[in-house]
Amino acid sequence: AHRLTPIAQRLRREATRAERILWRAINRGQLDGFKFRRQLPLAGFIVDFACLGALIIELDGATHSTDAELAGDSERQRNIEEQGYTFLRFRNADVYDNLDGAAETILLKLGALRPRIDATDS
């Protein structure tokens with residue numbers, strides 16, 4: 001994870017517009033008190049957003065289209081799911097066009113995962 005820290009820091013500084021919008025909606029416990037980290041090194045990868053011990057949120061921009069990129073995303077997701085995480089994926093357009101709907105989807109998923117999150121907090 002240490003080798004990924006400088007990359008994660010750069011990704012935080014250079015966040016995409018969609019990432020900045022979603023971060024403003026989910027940080028500081030705004031979603032029912034759930035806490036998130038962004039651009040978090042995890043299982044040898046950097047994830048867009050994480051609610052520790054439970055949920056990963058990934059934003060897919062227009063560049064997520066080639067077979068190689070999709071295969072890479074799938075392998076990465078499988079490795080992280082083996083660590084006990086659930087994934088939610090949104091397209092950037094989902095954030096731009098329906099931020100409230102994306103936030104509601106995240107909150108519903110977190111509600112279902114709450115026992116796992118509560119166990120992580122203690």
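**A walk from helix H2 to the sheet**

Just after helix H2, Arg28 adopts a positive phi of about 60°. That is a handy place to begin in this predicted model, since it lets us step back into the helix itself. H2 covers residues 17-26, and its buried residues are Ala18, Glu19, Ile21, Leu22, Trp23 and Ile26. At residue 17, Arg17 has its charged end over the ring of Tyr96, 4.3 Å from the ring centre.

Keep an eye on Trp23, as it leads us onward. A search of the whole structure turns up 1 aromatic pair. The ring centres of Trp23 and Phe49 are 6.0 Å apart and their planes meet at 15°, so this pair counts as stacked. The two partners come from distant parts of the chain: Trp23 belongs to helix H2 and Phe49 to strand S2, 26 residues apart. Both Trp23 and Phe49 are buried.

Phe49 brings us to the sheet. Here 4 strands form an open sheet with mixed pairing, in the order S1-S2-S3-S4. Its edges are strand S1 (37-42) and strand S4 (86-91), each of which pairs on one side only. On average, neighbouring strands are turned by 45° against each other, ignoring direction.

Now follow the sheet to S4. Strand S3 (residues 55-60) runs parallel to S4, and 6 bridges join the two. If you would like a specific spot to look at, find Glu58, whose bridge partner in S4 is Arg89.

Finally, turn to the other end of the strand order. Helix H1 (residues 5-13) lies across S1 and strand S2 (45-51), and runs at about 160° to S1.

Definitions and conventions. Residues are numbered from 1 along each chain as its sequence is written. This is a predicted model: local features need pLDDT of at least 70, side-chain atom pairs count only at pLDDT 80 or more; totals for chains, interfaces and linings use all residues. Side-chain values use heavy atoms; hydrogens and water are left out. Two strands pair if DSSP finds at least two bridges between them. Axes are lines fitted to C-alpha atoms, for helices over the stretch in contact, and angles run from 0 to 180 degrees between N-to-C directions. Contact means heavy atoms within 4.5 Å. Buried means under 20% relative accessible area, exposed over 50%, partly exposed in between (1.4 Å probe, protein chains only). Rings of Phe, Tyr and Trp (its six-membered ring) pair if their centres lie within 6.5 Å; planes under 30 degrees apart count as stacked, over 60 as edge-to-face and the rest as tilted. A charge sits over a ring if NZ of Lys or CZ of Arg is within 6 Å of the ring centre and within 35 degrees of the ring normal.
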